Amino acid sequence: MKLQRLVYSVLTITFFVSVGFSIYFFSQARASNARILEADTNNLPIPRYHFALIGEELEHDYWELVGQGAKDTEEEYEIAIEYEGPRRSNPEEQRKLLDMAIKSKVDGIIVQAVNNSFLPLINKAVDQGIPVITIDTDAAKSKRFTYIGTDNYEAGRLAGEELIEQTNGSATVGIVTGSFDNAHHQLRVQGFQDVIEQKSDISIVAIEESSITQVIAEEKAQNMLTKYPDINALFGTSTHDATGMTEAAESLGRSNDLYIIGFDTLEENLQLLKQNKVDALIEQEPYAMGNRSIDLMMDIMENKEVKDVYHTDTSVVTKADLSVINE
Amino acid sequence: MNKIRTKLLVYFVAILVLMIALFFIQHQNSQRIIDLHNQRLDKYFLLNEITQQTDQTYQSLQIYVNETTEENHQYFQENYQEFKRLQHKFDSTATHSVDNQNYMNLLSSFIDLMNNTTDAVDAENIDQSSHYYNEAGTTASYIHEKTLELINNELTAYEKIVSLENQRMQNIRNMSTAVFLSVILLSILFALWFSNGITRTINKLTNAAKEIATGNYQINDIFVSRKDELRLLTDTFNQMKFNVVEAIREMKEKARLNQLLKEMELQSLQNQMNPHFLFNTLNTISKTAYIEGAEQTNELISSTSKLLRYNIGNLDKETYLKDEVNVVNEYFFIQQTRFGDRVSFRQYIDQQCLSIPMPRLTLQPLVENAFIHGIENMATSGEIRLNIYQKQQTIMIEIIDNGKGMSQEKVNRLLGDGQSADGTQQKSGHSTGIGLRNVIDYICSIVEAPLRLNQESE
């Protein structure tokens, strides 16, 4: 009798446990079913507008910040931003992306007008009724609605002034620029050269292009320093130039006697600043650029007046500023 | 009543339904996966078809631009219409997303450009036509690229869905296993419960039957909580046991009455020895008294002798009410002689009632009873009345005395157990010896019905 009762209770408990498991797995199946439906339909609400943001390089730290700034407005405005760009800096591919965006009839295009070859496409887009905003690099002669970004000429001047001040007006300078063709790099170099010429006797002995990559920047800087050993100051106009230049300086054992000024206060560059490998950085505001470009685009969509040019702030950051920020 | 058959039927149907449900879920599940797969595949095929058709249409445009003939135009138009059909198909099947919208726009841009090209060709504007033609070419390459991108995206999404589907499949498989296990356990539990229920009831019945077989009828009724055929069986068994016990009780009762009757006969037989001698002697004395001229004595002895003869006569011999009344008269004559004016006897008798049969020795003991317990102790004017009359279908015999009445205790004792009544009753010399209790029992044994006896005592 006792045994029988034991058998009964064991069977009953096992039964309820297995029933429990059935219910558990059933609910699990239902849950994954719900997830499948969610993933399958992918029915996001159709945004009011959808804009294309075409940058210089897709996975570039600087451009990712621009893209992030733009993306962060998606929810606020109920819009979709397609952040696009070539894998490596390549104006031709960038133009293709612009053309594709035009043919895909997006509601608005925000593009970095790297050089004059972008003019016809920008004009074509505007002619087809797609408003275009230039970002980071302007194409003032095109029919673009407005420009948002750094005043690149002014940024170049700022760098030049800082260099004169820090080197007491006597130095031999080598420049590594992102690209000879790209308008913003041209403007930065131009601004730098102008201020140096106006205010000092500093001579610029070499200027090379890095295609905005660190490896080429390092290679060019090394060549430059080997060719002109008397260079004691370096100026880089694109984000990764600073890194490349310090690498070159280190490999030549000249880390300490070179004055290096670079662009963009990304984490990587800030580390170099902290370690005294770089002496100053020109700070741009990529996030604000991306963010405000969408604000402006929305203004255009709502037929509000926009100015011809919006400049974001630029400033010089040195190690002294860094400690202030850190504190 | 829940029949055992119904129980089994319900159980099997439940199991069957569960199994079918499981099978259905499994089937639906696999069907869904197939559907999902087909849907995706259709989309890939469509995308592939679109790129192919883009190329073909573009080629036909090229032929038409190079050689503007009606035939080539026709060929271009065919392809163009096919392309439009595919575009429409894509529009109706694709979900709404930014990517799909871009793709759609790209396709329509391509269509626009082809239209522009043919318009320019028709207008023989070679500059325009070559410009649009080149644009169409780049757009075609864009379509290629975008298609690849779309397929890539779809595949990525599909991969995720497939992994989720697999997860779901695994869950459903686990669920099926668990349900299957539950069903098996339930079956075992059901079988145990069911068979135990039956054997337990049968065991109870067997034990009870054994008890009864050994002669013990004092067992309790068997009770089962089930409501099936076994309930019917146990109820019938209980009823049977009750009937047997009842029959035994009746048999015992009958045996007791027979015993009583025999005792009474034996008693009267015992009494017969002396009475015969006494009777003859009394007759002799009566005759002697008559000869000697003692008339009163003669009559008295004659009455006594009649009474005696009636008393010792055969009990089974049929007698009538009339005989009983005569005996009562004889008895009263004797008593009146004994007590003189202290007692009087009055009777009202409807002569028509006297012919009904009547058990012997029933009336006289009752009158005697009334005499002894009612009026014997009264100093003067004791009276006993005997009324016999017909009331509707019933013959009423009333024996009424005006005595002191009886205490309830005594009534109870008289009507109660015959034995105790006999035991306590002293045979007094002035009684003919047949007690009230005996009369009651005697009548009961004859009419075979419980006799209700109400004695009204004032």
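User: Where does UniProt place the HAMP domain in chain B?

Analyst: Happy to start there. An unreviewed UniProt entry puts the feature "domain: HAMP" at residues 196–249 of chain B. Keep in mind that the model in front of you is predicted. An annotated span can be compared with the secondary structure over the stretch it covers. In this case, residues 196–249 of chain B are 72% helix and 0% strand, and the C-alpha atoms at the two ends of the span are 37 Å apart.

User: Which residues of chain B carry the annotation "transmembrane region"?

Analyst: The unreviewed UniProt entry gives residues 6–25 and 175–194 of chain B. Both can be read in the way we read the HAMP span. Residues 6–25 of chain B are 100% helix and 0% strand, with end C-alpha atoms 28 Å apart. For residues 175–194 of chain B, the figures are 100% helix, 0% strand and 28 Å between the end C-alpha atoms.

User: And which residues of chain A are covered by "transmembrane region"?

Analyst: Here the annotation, again from an unreviewed UniProt entry, covers residues 6–26 of chain A. That span is 100% helix and 0% strand, and its end C-alpha atoms lie 30 Å apart. Chain A also has the annotation "domain: Periplasmic binding protein", which an unreviewed UniProt entry assigns to residues 51–305. Over residues 51–305, chain A is 47% helix and 19% strand. The end C-alpha atoms of residues 51–305 of chain A are 19 Å apart.

User: Let's move to the interface. How much area do chain B and chain A bury between them?

Analyst: The general idea first: the size of an interface is often given as the accessible area lost when the parts come together. For chain B and chain A, that comes to about 3,500 Å², with 60% of it on carbon and sulfur atoms. Chain B brings 43 residues to the contact and chain A brings 37 residues.

User: How many salt bridges are there between chain B and chain A?

Analyst: Side chains of opposite charge can pair when their charged atoms come close. Between chain B and chain A the count is four salt bridges. A:Lys105 and B:Asp112 make a salt bridge whose closest N and O atoms are 3.3 Å apart. The interface of chain B and chain A also has 19 residue pairs in polar contact, both residues being at pLDDT 80 or more.

User: Which element of chain B gives the most to the side that touches chain A?

Analyst: A good way in is to list the contributing elements, then look at the share of each. On chain B, α1 (4–66), α3 (98–122) and α4 (126–213) each supply at least two residues to the side that touches chain A. The most comes from α4(B), with 27 residues. Sorted by class, the side of chain B that touches chain A holds 18 nonpolar, 15 polar and ten charged residues.

User: What domains is chain A divided into?

Analyst: They are domain 1 (49–150 + 286–312) and domain 2 (152–284 + 318–326). Taken over C-alpha atoms, the centres of domain 1 and domain 2 of chain A are separated by 28 Å. Their contact takes 20 residues from domain 1 and 17 residues from domain 2 of chain A. Together, domain 1 and domain 2 of chain A bury about 1,300 Å², 54% of it on carbon and sulfur atoms.

User: How many salt bridges and polar contacts link the two domains of chain A?

Analyst: Domain 1 and domain 2 of chain A have zero salt bridges across their interface, and the count of residue pairs in polar contact is eight, both residues at pLDDT 80 or more. On domain 1 of chain A, the elements giving two or more residues to the side that touches domain 2 are α2 (61–71), β5 (146–150) and α11 (286–301). Of these, α2(A) has the largest share, three residues.

User: What does the salt bridge between A:Lys124 and A:Asp99 tie together?

Analyst: The side chains of A:Lys124 and A:Asp99 meet at 3.0 Å, N to O. A:Lys124 is in helix α5 (residues 119–127) of chain A and A:Asp99 is in helix α4 (residues 91–103) of chain A, so the pair ties together parts 25 residues apart in sequence. Over all chains, the structure holds 30 salt bridges.

Methods: Residues numbered from 1 in each chain as written. Chains lettered and ligands numbered in written order. Predicted model: local features only at pLDDT ≥ 70, side-chain atom pairs only at ≥ 80, totals over all residues. Heavy atoms only, no water. UniProt positions renumbered as here; feature names shortened; annotations may be inferred. Helix = DSSP H or I, 4+ residues; strand = E, 2+ residues; numbered from the N terminus. Contact = heavy atoms within 4.5 Å. Buried area = accessible area lost by both parts, 1.4 Å probe. Polar contact = N/O pair within 3.5 Å; in protein donor to acceptor, adjacent residues only side chain to side chain. Nonpolar A, V, L, I, M, F, W, Y, C, P; charged D, E, K, R; others polar. Domains from an automatic or database assignment.
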